[in-house]
Amino acid sequence: MVISKKVEFSASHICRSAQLTDAENERIYGAAANPLGHGHNYVVEVAIEGDPDPVTGMILDLKRLREILEEKVLNVYDHRLLNREVEPFDRRVPTVENIAIDIWNRVHPWIGGRARLHAVRVHETAELSVEYRGEQ
Amino acid sequence: MIVRLSKRYGFAASHRLYSPALTEEENRETYGKCANPHGHGHNYEVELTVCGTVDPVTGRVVALDLLNGIAEKQILAPFRYRNLNEEVTVFQTVVPTTENLGVEVDRRLRAAWSETFGEGGPRLEKVCIWETDRNICEISTGAVADAEGWGSARSEKDIR
(Lines give C-alpha, C1' and ligand atoms only; values in the text may rest on other atoms or scores of the structure.)
Protein backbone atom coordinates (compact mmCIF):
# COMPACT_ATOMS: atom_id res chain seq x y z
CA MET A 1 0.00 0.00 0.00
CA VAL A 2 1.24 3.47 -0.88
CA ILE A 3 0.24 6.72 0.81
CA SER A 4 1.32 10.18 -0.38
CA LYS A 5 1.82 13.52 1.30
CA LYS A 6 1.98 16.75 -0.64
CA VAL A 7 3.87 19.90 0.42
CA GLU A 8 4.88 23.08 -1.37
CA PHE A 9 7.78 25.47 -1.45
CA SER A 10 8.78 28.45 -3.57
CA ALA A 11 12.35 28.94 -4.72
CA SER A 12 14.48 30.46 -7.43
CA HIS A 13 17.13 28.75 -9.51
CA ILE A 14 19.43 29.16 -12.50
CA CYS A 15 19.80 26.25 -14.93
CA ARG A 16 23.33 26.72 -16.26
CA SER A 17 26.37 24.47 -16.15
CA ALA A 18 29.88 25.93 -16.01
CA GLN A 19 30.97 22.90 -18.05
CA LEU A 20 28.86 24.02 -21.02
CA THR A 21 29.16 27.01 -23.35
CA ASP A 22 26.60 29.83 -23.30
CA ALA A 23 25.10 28.52 -26.53
CA GLU A 24 24.81 24.98 -25.14
CA ASN A 25 23.25 26.23 -21.90
CA GLU A 26 20.66 28.18 -23.84
CA ARG A 27 19.89 25.28 -26.15
CA ILE A 28 19.51 22.79 -23.29
CA TYR A 29 17.73 24.93 -20.70
CA GLY A 30 16.05 27.61 -22.83
CA ALA A 31 14.68 30.53 -20.80
CA ALA A 32 15.67 28.70 -17.59
CA ALA A 33 19.33 29.50 -18.40
CA ASN A 34 18.80 33.19 -17.55
CA PRO A 35 21.90 33.95 -15.42
CA LEU A 36 19.88 36.20 -13.11
CA GLY A 37 17.55 33.34 -12.19
CA HIS A 38 13.80 32.80 -12.03
CA GLY A 39 11.47 30.92 -9.69
CA HIS A 40 8.69 28.38 -9.30
CA ASN A 41 6.05 27.26 -6.85
CA TYR A 42 7.21 23.69 -6.43
CA VAL A 43 4.87 20.92 -5.28
CA VAL A 44 6.47 17.86 -3.70
CA GLU A 45 4.65 14.55 -3.33
CA VAL A 46 6.31 12.00 -1.07
CA ALA A 47 4.95 8.45 -1.37
CA ILE A 48 5.44 5.99 1.50
CA GLU A 49 4.97 2.24 1.09
CA GLY A 50 4.14 -0.39 3.70
CA ASP A 51 1.38 -2.26 5.52
CA PRO A 52 -0.74 -0.33 8.00
CA ASP A 53 -0.17 -1.00 11.69
CA PRO A 54 -3.03 -3.29 12.83
CA VAL A 55 -3.75 -1.10 15.86
CA THR A 56 -3.33 2.48 14.53
CA GLY A 57 -4.28 1.74 10.92
CA MET A 58 -1.30 3.83 9.81
CA ILE A 59 1.80 3.03 7.74
CA LEU A 60 3.46 6.12 9.19
CA ASP A 61 2.00 8.92 11.27
CA LEU A 62 1.40 11.63 8.65
CA LYS A 63 2.03 14.31 11.30
CA ARG A 64 5.52 12.87 11.70
CA LEU A 65 5.96 12.78 7.92
CA ARG A 66 4.91 16.43 7.75
CA GLU A 67 7.51 17.28 10.44
CA ILE A 68 10.24 15.42 8.54
CA LEU A 69 9.35 17.25 5.30
CA GLU A 70 9.27 20.64 7.03
CA GLU A 71 12.55 20.12 8.85
CA LYS A 72 14.55 18.36 6.14
CA VAL A 73 13.12 19.93 2.96
CA LEU A 74 10.95 23.02 3.39
CA ASN A 75 13.21 24.74 5.95
CA VAL A 76 16.11 24.21 3.56
CA TYR A 77 14.42 24.99 0.21
CA ASP A 78 11.60 27.45 0.83
CA HIS A 79 12.23 31.01 -0.42
CA ARG A 80 15.86 30.29 -1.29
CA LEU A 81 18.03 30.73 -4.36
CA LEU A 82 18.88 27.04 -4.76
CA ASN A 83 22.20 27.57 -6.59
CA ARG A 84 23.63 29.68 -3.75
CA GLU A 85 21.85 28.51 -0.63
CA VAL A 86 21.15 24.77 -0.96
CA GLU A 87 23.75 22.03 -1.29
CA PRO A 88 24.53 20.31 -3.68
CA PHE A 89 23.32 22.96 -6.11
CA ASP A 90 26.48 25.03 -5.72
CA ARG A 91 28.06 22.32 -7.91
CA ARG A 92 25.09 20.55 -9.57
CA VAL A 93 22.48 22.13 -11.86
CA PRO A 94 19.18 22.46 -9.93
CA THR A 95 17.03 20.85 -12.62
CA VAL A 96 13.79 19.32 -11.41
CA GLU A 97 15.46 15.91 -11.91
CA ASN A 98 18.26 16.80 -9.47
CA ILE A 99 15.82 18.42 -7.03
CA ALA A 100 13.78 15.18 -6.86
CA ILE A 101 16.95 13.14 -6.24
CA ASP A 102 18.17 15.56 -3.55
CA ILE A 103 14.82 15.55 -1.73
CA TRP A 104 14.85 11.73 -1.77
CA ASN A 105 18.36 11.78 -0.23
CA ARG A 106 17.26 14.21 2.48
CA VAL A 107 14.07 12.33 3.42
CA HIS A 108 15.17 8.69 2.98
CA PRO A 109 17.24 8.34 6.21
CA TRP A 110 14.29 9.49 8.34
CA ILE A 111 11.67 7.03 7.10
CA GLY A 112 11.66 3.85 9.18
CA GLY A 113 9.59 1.37 11.15
CA ARG A 114 7.05 -0.30 8.88
CA ALA A 115 7.35 2.46 6.26
CA ARG A 116 9.63 2.61 3.22
CA LEU A 117 10.14 5.62 1.01
CA HIS A 118 8.55 4.65 -2.33
CA ALA A 119 8.85 7.77 -4.52
CA VAL A 120 9.47 11.50 -4.53
CA ARG A 121 7.65 13.46 -7.22
CA VAL A 122 8.43 17.13 -7.76
CA HIS A 123 6.15 19.32 -9.89
CA GLU A 124 8.05 22.35 -11.17
CA THR A 125 5.04 23.65 -13.12
CA ALA A 126 1.59 22.23 -13.89
CA GLU A 127 3.12 20.74 -17.07
CA LEU A 128 6.48 19.41 -15.85
CA SER A 129 7.19 16.90 -13.07
CA VAL A 130 9.82 14.31 -12.18
CA GLU A 131 9.55 11.16 -10.07
CA TYR A 132 12.51 9.45 -8.40
CA ARG A 133 12.22 6.02 -6.76
CA GLY A 134 15.75 5.72 -5.46
CA GLU A 135 16.98 3.70 -8.46
CA GLN A 136 20.69 4.04 -9.24
CA MET B 1 20.29 7.71 -11.29
CA ILE B 2 17.06 6.68 -12.98
CA VAL B 3 14.17 9.17 -12.95
CA ARG B 4 10.83 9.52 -14.66
CA LEU B 5 9.97 12.90 -16.18
CA SER B 6 6.40 13.77 -17.12
CA LYS B 7 5.52 16.60 -19.50
CA ARG B 8 1.98 17.67 -20.25
CA TYR B 9 0.67 19.18 -23.50
CA GLY B 10 -2.75 20.32 -24.66
CA PHE B 11 -4.72 20.33 -27.90
CA ALA B 12 -8.34 20.99 -28.81
CA ALA B 13 -10.13 18.73 -31.29
CA SER B 14 -13.53 17.39 -32.22
CA HIS B 15 -14.70 13.80 -32.55
CA ARG B 16 -17.73 11.59 -32.76
CA LEU B 17 -18.02 8.22 -31.06
CA TYR B 18 -19.86 5.97 -33.47
CA SER B 19 -19.12 2.49 -34.74
CA PRO B 20 -20.50 1.25 -38.08
CA ALA B 21 -20.33 -2.26 -36.58
CA LEU B 22 -23.15 -1.32 -34.18
CA THR B 23 -26.78 -0.40 -34.86
CA GLU B 24 -28.00 3.17 -34.35
CA GLU B 25 -29.60 2.10 -31.10
CA GLU B 26 -26.48 0.28 -29.91
CA ASN B 27 -24.37 3.34 -30.71
CA ARG B 28 -26.69 5.55 -28.69
CA GLU B 29 -26.63 3.07 -25.79
CA THR B 30 -22.86 2.71 -25.90
CA TYR B 31 -21.74 6.27 -26.49
CA GLY B 32 -24.73 8.40 -25.40
CA LYS B 33 -24.40 12.07 -26.38
CA CYS B 34 -20.95 11.34 -27.81
CA ALA B 35 -22.68 9.58 -30.73
CA ASN B 36 -24.41 12.80 -31.88
CA PRO B 37 -23.99 12.86 -35.69
CA HIS B 38 -22.29 16.25 -35.96
CA GLY B 39 -19.60 15.56 -33.38
CA HIS B 40 -18.37 17.63 -30.46
CA GLY B 41 -15.00 18.66 -29.01
CA HIS B 42 -12.69 18.62 -26.01
CA ASN B 43 -9.65 20.37 -24.65
CA TYR B 44 -7.46 17.30 -24.49
CA GLU B 45 -4.34 17.05 -22.36
CA VAL B 46 -1.58 14.53 -23.02
CA GLU B 47 1.09 13.67 -20.47
CA LEU B 48 4.17 11.81 -21.66
CA THR B 49 6.33 10.01 -19.08
CA VAL B 50 9.93 9.38 -20.06
CA CYS B 51 12.30 7.14 -18.08
CA GLY B 52 16.09 7.27 -18.15
CA THR B 53 19.36 8.18 -16.48
CA VAL B 54 20.14 11.75 -15.41
CA ASP B 55 23.07 13.22 -17.35
CA PRO B 56 25.70 14.19 -14.74
CA VAL B 57 26.59 17.43 -16.54
CA THR B 58 23.22 18.78 -17.64
CA GLY B 59 21.11 17.29 -14.83
CA ARG B 60 18.52 16.33 -17.44
CA VAL B 61 17.00 12.93 -18.24
CA VAL B 62 15.74 14.07 -21.63
CA ALA B 63 16.38 17.09 -23.86
CA LEU B 64 13.15 19.02 -23.36
CA ASP B 65 13.44 20.74 -26.75
CA LEU B 66 13.49 17.30 -28.44
CA LEU B 67 10.57 16.05 -26.33
CA ASN B 68 8.57 19.19 -27.13
CA GLY B 69 9.54 18.79 -30.79
CA ILE B 70 8.40 15.16 -31.13
CA ALA B 71 5.15 15.97 -29.29
CA GLU B 72 4.47 18.92 -31.56
CA LYS B 73 5.29 17.11 -34.78
CA GLN B 74 3.69 13.72 -34.08
CA ILE B 75 0.69 14.68 -31.93
CA LEU B 76 -0.13 18.34 -31.50
CA ALA B 77 0.25 19.59 -35.07
CA PRO B 78 -1.74 16.69 -36.63
CA PHE B 79 -4.50 16.75 -33.97
CA ARG B 80 -4.83 20.44 -33.00
CA TYR B 81 -8.12 22.01 -34.14
CA ARG B 82 -8.96 18.93 -36.23
CA ASN B 83 -11.98 16.75 -36.64
CA LEU B 84 -10.32 13.49 -35.57
CA ASN B 85 -12.77 11.20 -37.41
CA GLU B 86 -12.43 13.08 -40.68
CA GLU B 87 -8.85 14.30 -40.65
CA VAL B 88 -6.76 11.61 -38.95
CA THR B 89 -6.55 8.44 -41.04
CA VAL B 90 -6.67 5.84 -38.30
CA PHE B 91 -9.91 7.26 -36.87
CA GLN B 92 -11.75 6.62 -40.12
CA THR B 93 -11.78 2.95 -39.10
CA VAL B 94 -11.14 3.11 -35.33
CA VAL B 95 -13.53 4.90 -32.95
CA PRO B 96 -11.67 7.90 -31.43
CA THR B 97 -12.40 7.10 -27.78
CA THR B 98 -9.93 8.33 -25.17
CA GLU B 99 -8.53 4.79 -25.06
CA ASN B 100 -7.94 4.61 -28.82
CA LEU B 101 -6.58 8.15 -28.91
CA GLY B 102 -4.06 7.12 -26.24
CA VAL B 103 -3.03 4.07 -28.26
CA GLU B 104 -2.57 6.18 -31.39
CA VAL B 105 -0.55 8.84 -29.53
CA ASP B 106 1.69 6.10 -28.12
CA ARG B 107 2.07 4.43 -31.53
CA ARG B 108 3.02 7.69 -33.29
CA LEU B 109 5.58 8.59 -30.64
CA ARG B 110 7.19 5.14 -30.65
CA ALA B 111 7.44 5.20 -34.46
CA ALA B 112 9.52 8.41 -34.32
CA TRP B 113 11.26 7.83 -30.97
CA SER B 114 14.66 6.34 -31.87
CA GLU B 115 15.07 8.71 -34.80
CA THR B 116 14.61 11.60 -32.35
CA PHE B 117 16.52 10.37 -29.30
CA GLY B 118 18.87 7.72 -30.73
CA GLU B 119 19.43 4.22 -29.40
CA GLY B 120 20.13 3.97 -25.67
CA GLY B 121 18.43 7.31 -25.00
CA PRO B 122 15.52 7.89 -22.64
CA ARG B 123 12.55 5.59 -23.21
CA LEU B 124 8.86 6.44 -23.39
CA GLU B 125 7.19 4.68 -20.47
CA LYS B 126 3.63 5.97 -20.25
CA VAL B 127 1.04 8.06 -22.08
CA CYS B 128 -1.84 9.60 -20.17
CA ILE B 129 -4.73 11.42 -21.87
CA TRP B 130 -7.29 13.68 -20.25
CA GLU B 131 -10.43 14.04 -22.37
CA THR B 132 -11.91 16.11 -19.54
CA ASP B 133 -10.84 16.57 -15.92
CA ARG B 134 -12.91 13.51 -15.09
CA ASN B 135 -12.22 11.20 -18.01
CA ILE B 136 -8.62 10.01 -18.04
CA CYS B 137 -6.86 7.11 -19.78
CA GLU B 138 -3.39 5.82 -18.93
CA ILE B 139 -1.37 3.53 -21.21
CA SER B 140 1.86 1.68 -20.52
CA THR B 141 3.71 2.29 -23.72
CA GLY B 142 3.54 -0.38 -26.42
CA ALA B 143 1.29 -2.76 -24.49
CA VAL B 144 -1.95 -2.36 -26.43
CA ALA B 145 -0.65 -1.41 -29.83
CA ASP B 146 1.87 -4.25 -30.10
CA ALA B 147 -0.61 -6.85 -28.90
CA GLU B 148 -3.16 -5.96 -31.54
CA GLY B 149 -0.87 -5.03 -34.44
CA TRP B 150 -2.55 -1.63 -34.36
CA GLY B 151 -2.04 0.45 -37.46
CA SER B 152 0.50 -1.99 -38.90
CA ALA B 153 -1.19 -2.11 -42.30
CA ARG B 154 -2.26 1.51 -42.38
CA SER B 155 -0.83 4.45 -44.22
CA GLU B 156 0.77 7.06 -41.97
CA LYS B 157 -0.40 9.82 -44.28
CA ASP B 158 -3.29 11.85 -42.95
CA ILE B 159 -6.12 12.71 -45.29
CA ARG B 160 -5.38 16.37 -45.77
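These are my notebook entries on a few backbone and strand features that I looked up in a predicted model.

**Entry 1: the bond before Pro88(A)**

I began with the peptide bond that runs from Glu87(A) to Pro88(A), and I found it to be cis, with omega near 5°. I noted this because most peptide bonds are trans. I then looked up where the two residues sit: Glu87(A) belongs to the loop that follows helix H3 (82-85) and precedes helix H4 (96-107) of chain A, and Pro88(A) lies in the loop between H3 and H4 of chain A as well.

Is Glu87(A) buried or exposed? I counted 10 other C-beta atoms within 10 Å of Glu87(A), and since a residue with 12 or fewer is called exposed, I entered Glu87(A) as exposed. I also checked Glu87(A) against Tyr77(A), which is ten residues away along the chain, and the C-alpha atoms of the two are separated by 9.9 Å.

**Entry 2: positive phi in chain A**

Next I turned to His79(A), whose phi is near 60°, a positive value in a residue that is not glycine. I wrote this down because most residues other than glycine have a negative phi. His79(A) is placed in the loop between helix H2 (62-77) and strand S3 (80-81) of chain A. With 11 other C-beta atoms within 10 Å, His79(A) is exposed.

**Entry 3: positive phi in chain B**

In chain B I looked up Tyr81(B), which is not a glycine and yet has a positive phi of about 55°. I found Tyr81(B) in the loop that connects helix H2 (64-79) to strand S3 (82-83) of chain B. For its surroundings I recorded 10 other C-beta atoms within 10 Å, so Tyr81(B) goes down as exposed.

**Entry 4: strand pairing in chain B**

Finally I followed the strands of chain B, starting with strand S2 (residues 40-53), which pairs with strand S4 (residues 123-132) in the antiparallel sense over seven bridges. Which residue of S4(B) is the bridge partner of Leu48(B)? I traced Leu48(B) across to Val127(B) in S4(B).

S4(B) also pairs with strand S5 (residues 135-140) of chain B, again in the antiparallel sense, and here I noted six bridges. On this side I picked out Cys128(B), whose bridge partner in S5(B) is Glu138(B). How many residues lie between S4(B) and S5(B) in the hairpin that they form? I found two residues between them. My closing note is that S4(B) pairs with S2(B) and also with S5(B).

Notes: Residues are numbered from 1 along each chain as its sequence is written. Chains are lettered from A and ligands numbered from 1 in the order in which they are written. This is a predicted model: local features need pLDDT of at least 70, side-chain atom pairs count only at pLDDT 80 or more; totals for chains, interfaces and linings use all residues. Helices (H or I, at least four residues) and strands (E, at least two) are DSSP runs, numbered from the N terminus. A residue is buried if 20 or more other C-beta atoms lie within 10 Å of its own, exposed if 12 or fewer, and partly exposed in between; C-beta atoms are placed from the backbone. Two strands pair if DSSP finds at least two bridges between them.
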